[in-house]
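Visitor: I have a protein chain in front of me and would like to be led through its fold. Please take it one question at a time.

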Amino acid sequence: GGGGGVMRAGGARRNAAATRPSGVGAIAIGGARSRSPPRQRQGAAGRSPLDMVGAQLTGWVRSYRDAWGFIKSEAFDGDLFVGAKSNSHLPHPLSAEDRVTFKVSMGNAGKAEAVDVCVLAK
């Protein structure tokens, strides 16, 4: 006889598909759907910092420690990396709550970052 079966002890054949209990695996194999909301593609809503590359914006420093930190802006959701290496023109390190202007640029790692940062007068 032809293939498709599994040889059991004692020489009897059984159908491999029949070894699964009824209902187990049917949903997982066929098309289980996540209950999580669908993920939006990067930039789908136009509010990602990546959607702002090239734009000159204003915002504020959320946090800054050692040689890097994060900037927030009303123009995008989330925050934007800011590093001292890309802003060596700054005369002193940034401080939390500094109001700033900056340009959004694509960094070496393919992530958005703030460059040409200037601290606004308080």
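Visitor: Which residue in strand 6 is the bridge partner of Thr58?
Guide: This is a predicted model, and the pair sits where strand 3 (56-65) meets strand 6 (99-106). Strand 3 and strand 6 run antiparallel to each other and share five bridges. On the strand 6 side, the partner of Thr58 is Thr101.

Visitor: In what order do the five strands of the barrel follow one another?
Guide: The chain has seven strands and one helix, arranged along the sequence as β-β-α-β-β-β-β-β. Five strands close into a barrel with mixed pairing. Neighbouring strands in this sheet are turned against each other by 50° on average, with direction ignored. The order is 3-4-5-7-6.

Visitor: Which residues touch the most other members of the largest nonpolar core?
Guide: In soluble globular proteins, nonpolar side chains tend to be buried together. Here the largest nonpolar core has 16 residues, and the elements that give two or more of them are strand 3, strand 5 (80-83), strand 6 and strand 7 (112-119). The members that touch the most others are Ile71, Leu94, Phe102 and Val117.

Visitor: Leaving aside neighbours within four places in sequence, which residues is Leu94 in contact with?
Guide: Leu94 is among the core residues that touch the most other members. Once its neighbours within four places in sequence are set aside, its contacts are Val61, Tyr64, Val82, Val100, Val117 and Val119.

Visitor: Does Ser48 count as buried or exposed?
Guide: Ser48 lies in the loop between helix 1 (26-30) and strand 3. The cut-off for a buried residue is under 20% relative accessible area. Ser48 has 12% relative accessibility, so this residue counts as buried.

Visitor: How far apart in space are Ser48 and Asp79?
Guide: Along the sequence, Ser48 and Asp79 are separated by 31 residues. For the chain as a whole, among contacts between residues at least 6 apart in sequence, 47% join residues at least 24 apart. From C-alpha to C-alpha, the distance between Ser48 and Asp79 is 8.9 Å.

Visitor: Which of the residues that line the largest pocket are the closest to its centre?
Guide: The largest pocket has a volume of about 260 Å³. Strand 5 and strand 7 each supply at least two residues of its lining. Of the 13 lining residues, the closest to the centre are Phe81, Gly83, Lys85, Ser86 and Glu113.

Terms used
Residues are numbered from 1 along each chain as its sequence is written. This is a predicted model: local features need pLDDT of at least 70, side-chain atom pairs count only at pLDDT 80 or more; totals for chains, interfaces and linings use all residues. Side-chain values use heavy atoms; hydrogens and water are left out. A nonpolar core is a set of buried Ala, Val, Leu, Ile, Met, Phe, Trp, Tyr and Cys residues joined through side-chain atoms within 4.5 Å. Buried means under 20% relative accessible area, exposed over 50%, partly exposed in between (1.4 Å probe, protein chains only). Helices (H or I, at least four residues) and strands (E, at least two) are DSSP runs, numbered from the N terminus. Contact means heavy atoms within 4.5 Å. Two strands pair if DSSP finds at least two bridges between them. Axes are lines fitted to C-alpha atoms, for helices over the stretch in contact, and angles run from 0 to 180 degrees between N-to-C directions. On a 1 Å grid over the protein atoms alone, a cavity is a set of points where a 1.4 Å probe fits but cannot get out, and a pocket is an open set with protein on both sides within 12 Å along at least five of seven lines; lining residues have an atom within 4 Å of a point. Grid points are joined across faces, edges and corners, and a volume is the space filled by probe spheres set on the points.
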